[in-house]
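Dear colleague,

I am handing over the structure we spoke about, and it is shown just below. After it you will find my notes on what turned up, grouped by topic.

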Amino acid sequence: MIKQAVIYVRVSSRAQATSGHGLSSQEKRCRDYASEQGYSVAMCFSDTITGGIDYMKRPGMKALLAFLDAQPDEKFIILLDDPKRLARSTRFHIELRDAFRDRGASLECLNFKFDDESPEGEFIETVIAAQGELERKQNGRQVGQKMRARMESGYWIHNPPIGFKYTTVKGRGKMLVANPPFDGIIREAFEGYASGRFQTQAEVKRFLETFPDFPRNKHGEIKQQRVTDILTQPVYTGHICSERYGIHWLNGQHEAIVSLETFDKVQERRKGTAKAPKRKNIGDAFALRGIATCSGCGVPLRSSFSRARNGTKHPYYLCQTRGCDHYGKSIRRDKLEADVGEIIKRLQPTEDVMMLARKMFRHIWEAYRQQAAEIVRSAQRKITSIDKEIEKLLDLIIASENTRVIAKYEEKIGLLETEKARLIETAGKKAEPVASYDEQLEPALTFLANPWKLWQTGCISTRRVVLRLCLGDRIAYCRNTGARTAEIAFPFRMLKGIADPKVFFGAGERTRTSTPCGART
């Protein structure tokens, strides 16, 4: 009778299966051998997985054993091109040999002759299996050492995070580089969360979902865990961190997408008190929503549209606080915003005041530049001090034999490395050429000279920015008498103080310095 055979082929990784011809070449060799021996090949089973794991976790091997179980009366011959295809673990090799014997199957290999009849043959087979396991472990050790050395040189070795991609650089190998447009999206997500534009990580997630091409999982979703992974990934700051290899805030060879300062702000906000997610499309047609309050109860006015009989929509503000004298009474949006616009219009300073303000700001600007140079020198001194302290700790680690003490020293080194990374970034920023006075401050002074010009544009988002810059607090409004006396933001109070010191330093007005409403000090 013609003997029945099955072929088993295996490679260790998907790369070997897709870029090479390992599976197909193994199968061809086995089929040629079967033809020479007069065997009939019933099936070919393949795996793309390392041989060091449990054989029952290999889909191809599980299918092969199930195939043998389904035909218990047939004595199959299992063909391999090399004994290492069976397993790269001595224990799993022996267990597989026993599993095949229990099913009445025999093994034949193109590169090795299995001898089941003598103890010498069994010993040699065990040595061959042990050699395969040794090679696997040695390869793993060498790969781990090379990966560690690569990371210690400042190169990222894992899959590129979203916003980066790998490119091959001559003499340096594969390096992370920015991957437009995702790098800009990641940067905006970080800066938005750090500044408070996104109050919660759920809002960051919704922001990312607005980009159809942003990477998603196999179900087409962006999970909250992905947002967390992005916001806590130090590689975006241009640094390499690895708990596995004991690397803490090592300067990477790649360019940063976000600053370390922004990254730290994000981590502080993540540790803070959780806030409810911002609702979608809130107040997109009302510039004063959340800013104008009812003069009777002090609660922010709500906003809504009323529909006329002809279907036309009319925008209104109204108080919805039960018990308030103004409860349910509406105020036309255009009237309320026009009254507030008059307040903005009156903030425009005279030309003489702006001329004096420009001279003051120029003097402050020069002082800032001198301060930046001193900060750089101070940071460099601290970095030198940290380097010396790290060297002392390394000497103590070498001299110590107590594992707990060594762990404490390593923890201290990690903290010092983190502090050093922050100082390097601070010094780098301060050492950069400072933009000229005209480039940096002139646009802001132009706004201070005429905020009414921006208000006149009528854009809701622009008007909300103007209000936050011009007002120090919310503004109370009465439907009968109009806007109450508003608290003006500090920059405009300062300009008034230049014209009339009594306005700024007392004279019946509030003297506490206020920041723009909604802004953080």
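A residue is called buried when its relative accessible area is under 20%, exposed when that area is over 50%, and partly exposed in between. On that scale C297, at 29% relative accessibility, counts as partly exposed. Please keep in mind throughout that this is a predicted model.

Cysteines

How many disulfides does the structure hold? The count is zero. C109 takes part in no disulfide, and the nearest cysteine sulfur, which belongs to C30, is 8.0 Å away. C109 is also buried, with a relative accessible area of 10%. For C297, the nearest cysteine sulfur is that of C319, at 3.7 Å, and C297 is likewise in no disulfide. Because a disulfide requires a pair of cysteine sulfur atoms within 2.5 Å, the distance of 3.7 Å between the sulfurs of C297 and C319 does not qualify.

Cavities

C319 comes up again when one turns to the interior, since the residues lining the largest cavity include C319, together with C294 and C478. Others in that lining are L301, L318, H326, K329, I331, Y477 and R479. The space in this largest cavity is about 50 Å³, and the structure holds two cavities of 30 Å³ or more.

Salt bridges

As general background, side chains of opposite charge can pair when their charged atoms come close. A search of the whole structure finds 21 salt bridges, and a few of them are described here.

One of them joins E125 to R97, with the closest N and O atoms 2.4 Å apart. This pair links distant parts of the chain, as E125 belongs to helix α5 while R97 belongs to helix α4 (residues 90-102), and the two are 28 residues apart. Are these two partners buried or exposed? E125 is buried, with a relative accessible area of 6%, and R97 is buried as well, with a value of 4%.

Another salt bridge connects K137 with E133, where the closest N and O atoms are 3.2 Å apart. Both K137 and E133 lie in helix α5, and they are four residues apart, which is about one turn of the helix. Of this pair, E133 is buried, with a relative accessible area of 17%.

The side chains of D334 and R333 also meet in a salt bridge, with an N to O distance of 3.5 Å, and D334 is partly exposed, with a relative accessible area of 47%. In addition, R29, D81 and R85 are linked in a network of salt bridges.

Surface and loop

Which residues make the nonpolar surface patch of about 290 Å²? The patch is made by F123, I124 and V127. F123 lies in helix α5 (residues 119-152), and with a relative accessible area of 57% F123 is exposed, whereas E125, which is also in helix α5, is buried.

Finally, D473 is found in the loop between α16 (460-470) and β13 (475-478), and at 37% relative accessibility D473 counts as partly exposed. The C-alpha atoms of D473 and A489 are separated by 7.8 Å, although these two residues are 16 residues apart along the chain.

With best wishes

Conventions. Residues numbered from 1 in each chain as written. Predicted model: local features only at pLDDT ≥ 70, side-chain atom pairs only at ≥ 80, totals over all residues. Heavy atoms only, no water. Buried < 20%, exposed > 50% of the residue type's maximum accessible area, 1.4 Å probe, protein only. Patch = residues over 30% accessible without salt bridge, like charges linked within 9 Å, V, L, I, M, F, W, Y side chains within 5 Å. Areas by Shrake-Rupley, 256 points an atom, 1.4 Å probe, with all protein chains shown as cover. Salt bridge = Lys/Arg side-chain N within 4 Å of Asp/Glu carboxyl O. 1 Å grid on protein atoms, 1.4 Å probe; cavity = no way out; pocket = protein on both sides within 12 Å on 5 of 7 lines; lining within 4 Å. Points joined across faces, edges and corners; volume = space filled by probe spheres on them.
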